[in-house]
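Here is a short report on one chain, written to be read beside its sequence and its model. Keep the 3D view open as you go.

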Amino acid sequence: MRCPFCRHDETKVIDSRNSQDFSIRRRRECLGCERRFTTYERMEESPVRVIKKDGTRVPFDRNRIRFGIEKACYKRPVSPEQIDQLLGRVESLIYEDGEREVPSRRIGELVFNALRDLDHVAFVRFASVYREFQDVHDFVEELQPMLNIRRRDNTR
Ligand SMILES: [Zn+2]
């Protein structure tokens, strides 16, 4: 995220909140000139596009990713707020990459890393959820090698 005043590329987030329409409002302070500005990061208005393995592009779909994460966290000690935070963290990382187009593999890895830190069972479930819903950004296809490794690790 570049400062709109001096173009310095380091800013700190002072305040961040999700609003009901899934936009994220962030108050930022530039680490160069210390001026403050607000960003509204909206999927609808500024859609990041996901590059699928076959090279086609689809709009980034936050709700689909949330759906997958919620299913993975079913009956786990994970609160809706934690899911929000996880999703928010993944989104900020995607936005902070500054790219308009993101390989689906990258998104999958971000979700996987975040879930692994949060809850191991949810992490393993996430894998199987995405195997069933093969249209979800083609995560399944992209993540299959990782899932195979995971399953071998968990052989009882
Ligand atoms: Zn600045």
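The report moves from overall layout and confidence to the strands, the helical core and two unusual loop residues.

## Layout and confidence

This is a predicted model. The chain holds 5 helices and 6 strands. Read from the N terminus, the elements follow the order β-β-β-β-β-α-α-β-α-α-α. Of the 156 residues, 21% are buried. Among contacts with a separation of 6 or more, 51% join residues 24 or more positions apart.

Confidence varies along the chain. The mean pLDDT is 76, and 74% of the residues score at least 70. Strand E2 has the highest confidence, at 87. Helix H5 (residues 139–153) has the lowest, with a mean of 50. Where pLDDT is low, predicted coordinates should not be read in detail.

## The E2–E3 hairpin

Start with strand E2 (residues 24–30). Its partner is strand E3 (residues 36–41), and the two are antiparallel, with 6 bridges between them. Two of the facing pairs can be named. Arg25 stands opposite Tyr40. Arg26 has Thr39 as its bridge partner. The two strands form a hairpin with 5 residues between them.

## The three-stranded sheet

A second set of strands makes an open sheet. Its 3 strands come in the order E5-E4-E6, with mixed pairing. Strand E5 (57–59) and strand E6 (101–103) are at the edges. Each has a single partner strand, so one side of each lacks a neighbour in the sheet. On average, neighbouring strands of this sheet are turned by 35 degrees against each other, direction ignored.

Strand E4 (residues 49–51) and E5 run antiparallel and are joined by 3 bridges. Arg49 stands opposite Pro59 in E5. In general, strands of a sheet pair through backbone hydrogen bonds, either parallel or antiparallel.

Helix H3 (residues 104–118) lies across E4 and E6. Its direction makes an angle of about 70 degrees with E6.

## Helix H3 and the nonpolar core

H3 has 15 residues. From first C-alpha to last it reaches 21 Å, close to the 21 Å expected at 1.5 Å a residue. Its buried residues are Ser104, Arg105, Ile107, Gly108, Leu110, Val111, Phe112, Ala114 and Leu115. Note that Ser104 and Arg105 are on that list.

The largest nonpolar core has 19 residues. The members that touch the most others are Ile69, Val111, Leu115 and Phe126. H1, H2, H3 and helix H4 (120–132) each give two or more residues to this core. H3 provides the largest share, 6 residues. In soluble globular proteins, nonpolar side chains tend to be buried together.

What does Leu115 touch, beyond residues up to four places away in sequence? The list is Ala72, Ala122, Phe123 and Phe126.

Now look at Val90, in helix H2 (residues 80–96). Is Val90 buried or exposed? Val90 has 22 C-beta neighbours inside 10 Å, so it counts as buried; the cut-off is 20 or more. Leaving aside neighbours within four places in sequence, Val90 contacts Leu110, Val111 and Ala114. These three contact residues are also among the buried residues of H3. Val90 and Ala114 are 24 residues apart in sequence, yet their C-alpha atoms are 7.6 Å apart in space.

## Two loop residues with positive phi

Most residues other than glycine have a negative phi. Glu34 has a positive value, near 65 degrees. Lys75 also has a positive value, near 60 degrees. The table sets out both.

| Residue | Phi | Loop | C-beta atoms within 10 Å |
|---|---|---|---|
| Glu34 | near 65 degrees | between E2 and E3 | 11 other |
| Lys75 | near 60 degrees | between helix H1 (62–72) and H2 | 7 other |

Why does Glu34 count as exposed? Glu34 has 11 other C-beta atoms within 10 Å, and exposed means 12 or fewer. Lys75 is exposed too, with 7 such atoms within 10 Å. Glu34 belongs to the turn of the E2–E3 hairpin. Lys75 sits in the loop between H1 and H2, two helices that each give two or more residues to the largest nonpolar core.

Conventions:
Residues are numbered from 1 along each chain as its sequence is written. This is a predicted model: local features need pLDDT of at least 70, side-chain atom pairs count only at pLDDT 80 or more; totals for chains, interfaces and linings use all residues. Helices (H or I, at least four residues) and strands (E, at least two) are DSSP runs, numbered from the N terminus. Two residues are in contact if their C-beta atoms, placed from the backbone, lie within 7 Å. Two strands pair if DSSP finds at least two bridges between them. Axes are lines fitted to C-alpha atoms, for helices over the stretch in contact, and angles run from 0 to 180 degrees between N-to-C directions. pLDDT is the predictor's confidence in each residue, from 0 to 100. The expected span of a helix is 1.5 Å times one less than its number of residues. A nonpolar core is a set of buried Ala, Val, Leu, Ile, Met, Phe, Trp, Tyr and Cys residues joined through C-beta atoms within 7 Å.
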